[in-house]
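Visitor: Hello! I would like to take a close look at a single part of this structure, with someone to walk me through it.

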Amino acid sequence: MPPTIFFAAGPANWAEYEAPLRAALARAGVAADLSDRAPDPEAVDYIVYAPTREFSDFTPYRNCKAVLSLWAGVERIVGNRTLTQPLARMVNPELTEGMVEYVAGHVLRHHLGMDAHIRGQDGVWRNEIMPPLARERKVTVLGLGELGAASARALAGLNFAVAGWSRTPRQVEGVECLSGAAGLETALRRAEILVLLMPLTADTENLLDAGRLALLPRGAAIVNPGRGGLIDDAALLAALDAGRVGHATLDVFRTEPLPKDHPYWAHPRVTVTPHIAADTRVPGACAVLVENVRRGEAGEPFLHLVDRVRGY
Ligand code: NDP
Ligand code: OXD
């Protein structure tokens with residue numbers, strides 16, 4: 001019997017994914033019954049999941065071999081006690097490429113001081129302020145996983161003086177790699193531009209609180225495409241108001257969509273982007289989903305498994 005894949009990621013995703021996923025299964029020679037309905041939960045072998053739909057009770061899916069997330073960040077499912085099956089998150093080259101481009105673009109914006117020219121066209125020829133070269137600009141990336149390491153590498157490739165910080169020691173070519181509590185302090189003290197690419201876990205929630213924000217050089221820029229909960233919002237707003245933080249480019253928020261009356265929208269030192277740093281593109285995502293189903297059927301280890309204890 002071919003395995004049953006229950007696409008539980010909601011109608012909008014189903015409309016986008018149904019045809020490409022069927023085509024990807026066929027191309028890979030993986031026979032499967034794919035549906036966005038599961039009349040018999042016990043017959044389900046794989047669940048495709050996204051937090052875009054309320055789906056929280058995995059108990060009836062007793063024979064499910066794996067839950068395959070369309071999202072890279074799994075904070076909304078990783079702690080679900082009804083989920084006993086392996087959980088795989090989304091990792092694919094297109095997601096990484098998108099994130100690298102977002103990070104490089106926003107870091108360059110702050111590095112080059114582009115806003116002064118974009119916003120300040122008033123007929124006055126001001127050529128006295130030149131940005132330093134990238135090699136004179138210290139950038140820190142918090143998180144050196146799939147996306148953080150690729151972004152740090154790309155920034156180093158542009159000649160920035162890049163440091164990165166992770167939970168366990170890492171090596172990334174061209175990047176000063178730090179870890180542990182002392183490493184975080186060093187990483188923050190040097191960060192003229194700080195990029196956050198960490199998962200939201202019990203250990204990382206509010207990582208950037210008032211005390212740690214105070215370690216940043218005066219006027220530092222923050223770029224956060226990681227998760228909103230990594231930053232203490234009240235502390236960030238206070239640091240922005242006082243000019244201690246020069247600018248925050250924020251892609252992710254505790255509540256999404258960001259409520260209309262949230263102070264970030266109108267703050268002159270904040271740029272809001274609507275969780276678009278790195279979208280999961282359908283073709284790359286289908287390839288990963290299909291490969292994991294193939295592996296499951298062949299009894300091979302799944303790709304990109306989440307460590308449920310670590311939380312990412
Ligand atoms: P990974 O799991 O590959 O990497 C996570 C990194 O964070 C690792 O280097 C890890 O350390 C580090 N880390 C985790 N916990 C801690 C801690 N307590 N202290 C220090 N370092 C820690 O994740 P990805 O790079 O794939 O993705 C990162 C995040 O980006 C996702 O979780 C998601 O929230 C966000 N994201 C945002 C998108 C957007 O469009 N805005 C799109 C996709 C993802 P170690 O190396 O030691 O394990
Ligand atoms: C995310 C994603 O985790 O879009 O933010 O994959």
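Visitor: Which residues surround ligand 2?

Guide: Happy to show you! Keep in mind that this is a predicted model. Ligand 2 is surrounded by W71, A72 and G73, together with R227, H275, A278 and T280. Sorted by class, that shell holds three nonpolar residues, three polar ones and one charged one.

Now let's look at how some of these neighbours meet the ligand. Start with the backbone: a polar backbone atom of A72 is 2.8 Å from an oxygen atom of ligand 2. Moving on to G73, you will find one of its polar backbone atoms 2.7 Å from an oxygen atom of the ligand. With H275 it is the side chain that takes part, since a polar atom there lies 2.7 Å from an oxygen atom of ligand 2. How much of the ligand does the protein cover? On its own, ligand 2 has 210 Å² of accessible area, and the protein covers 87% of that.

While you are here, let me point out some open space as well. The second largest pocket contains about 740 Å³. It is lined by 31 residues, and those closest to its centre are L112, G113, M114, A116 and I129. Helix 2 (93–112), helix 3 (114–119), strand 10 (220–224) and strand 11 (245–250) are the elements that each give two or more residues to this lining. By class, the lining of the second largest pocket has 13 nonpolar, eleven polar and seven charged residues.

Key:
Residues are numbered from 1 along each chain as its sequence is written. Chains are lettered from A and ligands numbered from 1 in the order in which they are written. This is a predicted model: local features need pLDDT of at least 70, side-chain atom pairs count only at pLDDT 80 or more; totals for chains, interfaces and linings use all residues. Side-chain values use heavy atoms; hydrogens and water are left out. A residue is near a molecule or strand if one of its heavy atoms lies within 4 Å of it. A polar contact is a pair of N or O atoms within 3.5 Å; within protein, one must be able to donate a hydrogen and the other to accept it, and residues adjacent in sequence count only if both atoms are side-chain atoms. Accessible areas come from the Shrake-Rupley method with a 1.4 Å probe; for residues, only the protein chains shown count as cover. Ala, Val, Leu, Ile, Met, Phe, Trp, Tyr, Cys and Pro count as nonpolar, Asp, Glu, Lys and Arg as charged, and the others, Gly among them, as polar. On a 1 Å grid over the protein atoms alone, a cavity is a set of points where a 1.4 Å probe fits but cannot get out, and a pocket is an open set with protein on both sides within 12 Å along at least five of seven lines; lining residues have an atom within 4 Å of a point. Grid points are joined across faces, edges and corners, and a volume is the space filled by probe spheres set on the points. Helices (H or I, at least four residues) and strands (E, at least two) are DSSP runs, numbered from the N terminus.
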